[in-house]
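Biologist: I'm new to reading folds, and I'd like a close look at one part of this one. Could you take me through how the sheet is put together and what packs around it?

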Amino acid sequence: MNLGRPVEVLLVEDNPSDIYLITSVLGIGSSPKHLSTVEDGESAIEFLERKGKYRSVPVPQLILLDLRLPKVDGHEVLAYVKSSPRLRRIPVVVLSSSGQESDVNGAYDLRANCYMTKPIDLDDYFDMVRQIDDYWLTQVGLC
């Protein structure tokens, strides 16, 4: 457990509206957190490798990952995280607009910890992010 220290969260999302909604709701959540955001899969891998401009970033304790990303897609980022001995214990919550069975099964095959379909309704979207805050950032013991 973090014992009052902020939880390090990496949001990998290319949609500015989703970034705004997620960061806004997480910002008012009950648990202390530090949120870093990258907008494509290539930057996510560089962030996780702590390369280039990401040399001194914190190692995330939770990753919120969109699947449909430019440059390197979310499936590849997920596979990278879960195949790395250094990163594989970091929980990855997949947030996707797709509820297709192939996307859900594909994410779980790559060892996603959770798959959530982004709701269209704004209130439902806020509820989803609050659920992430309540469960993953408050109740679960993160590395």
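**The sheet and its helices**

Modeller: Let's start with a pair of helices: helix 1 passes helix 5 in a right-handed crossing. Keep in mind that this is a predicted model. The axes of helix 1 (residues 16–27) and helix 5 (residues 122–139) come within 9 Å and cross at roughly 50°. An angle of roughly 50° is neither under 35 degrees nor in the range 65 to 115, and helix 1 and helix 5 are therefore oblique to each other. On the helix 1 side, the residues that meet helix 5 are Asp18, Leu21, Ile22, Val25 and Leu26. Facing them from helix 5 are Leu122, Tyr125, Phe126, Val129, Arg130, Asp133 and Leu137. Sort the contact of helix 1 with helix 5 by class and you get nine nonpolar residues, three charged ones and no polar ones.

Now for the sheet itself. It's an open sheet of five strands, paired in parallel, and you read the order as 2-1-3-4-5. Strand 2 (33–38) and strand 5 sit at the edges with a single partner strand each, so one side of each has no neighbour in the sheet. On average, neighbouring strands here are turned by 20° against each other, if you ignore direction.

Zoom in on one end of that order. Strand 1 (residues 7–12) pairs with strand 2 in the parallel sense, over six bridges. If you want a spot to find on screen, look for Val9, whose bridge partner in strand 2 is Leu35. Helix 5 comes back into the picture here, because it packs on the sheet and touches strand 1, strand 2, strand 3 (62–66), strand 4 and strand 5. The direction of helix 5 makes about 165° with that of strand 5.

Hop over to the other end. Strand 4 (residues 92–96) and strand 5 (residues 114–117) run parallel and are joined by four bridges. Ser96 has Thr117 of strand 5 as its bridge partner. Together, strand 4, helix 4 (residues 101–109) and strand 5 make a right-handed β-α-β unit. Helix 4 lies across strand 4 and strand 5, and runs at about 155° to strand 5.

One more helix pair to round things off. Helix 2 (residues 41–49) and helix 3 (residues 74–83) have axes 9 Å apart and pack at an angle of about 15°. That makes helix 2 roughly parallel to helix 3, and helix 2 passes helix 3 in a right-handed crossing. Helix 2 brings Gly41, Ala44, Ile45, Leu48 and Glu49 to the contact, while helix 3 brings Val77, Tyr80 and Val81. By class, the residues in the contact of helix 2 with helix 3 are six nonpolar, one polar and one charged.

Methods
Residues are numbered from 1 along each chain as its sequence is written. This is a predicted model: local features need pLDDT of at least 70, side-chain atom pairs count only at pLDDT 80 or more; totals for chains, interfaces and linings use all residues. Side-chain values use heavy atoms; hydrogens and water are left out. Axes are lines fitted to C-alpha atoms, for helices over the stretch in contact, and angles run from 0 to 180 degrees between N-to-C directions. Helices (H or I, at least four residues) and strands (E, at least two) are DSSP runs, numbered from the N terminus. Angles under 35 degrees count as roughly parallel, over 145 as roughly antiparallel, 65 to 115 as roughly perpendicular and the rest as oblique. A crossing is left-handed if the near helix is turned anticlockwise from the far one by less than a right angle, and right-handed if clockwise. Contact means heavy atoms within 4.5 Å. Ala, Val, Leu, Ile, Met, Phe, Trp, Tyr, Cys and Pro count as nonpolar, Asp, Glu, Lys and Arg as charged, and the others, Gly among them, as polar. Two strands pair if DSSP finds at least two bridges between them. A crossover is right-handed if, with the strands pointing away from the viewer, the path from the first strand over the helix to the second runs clockwise.
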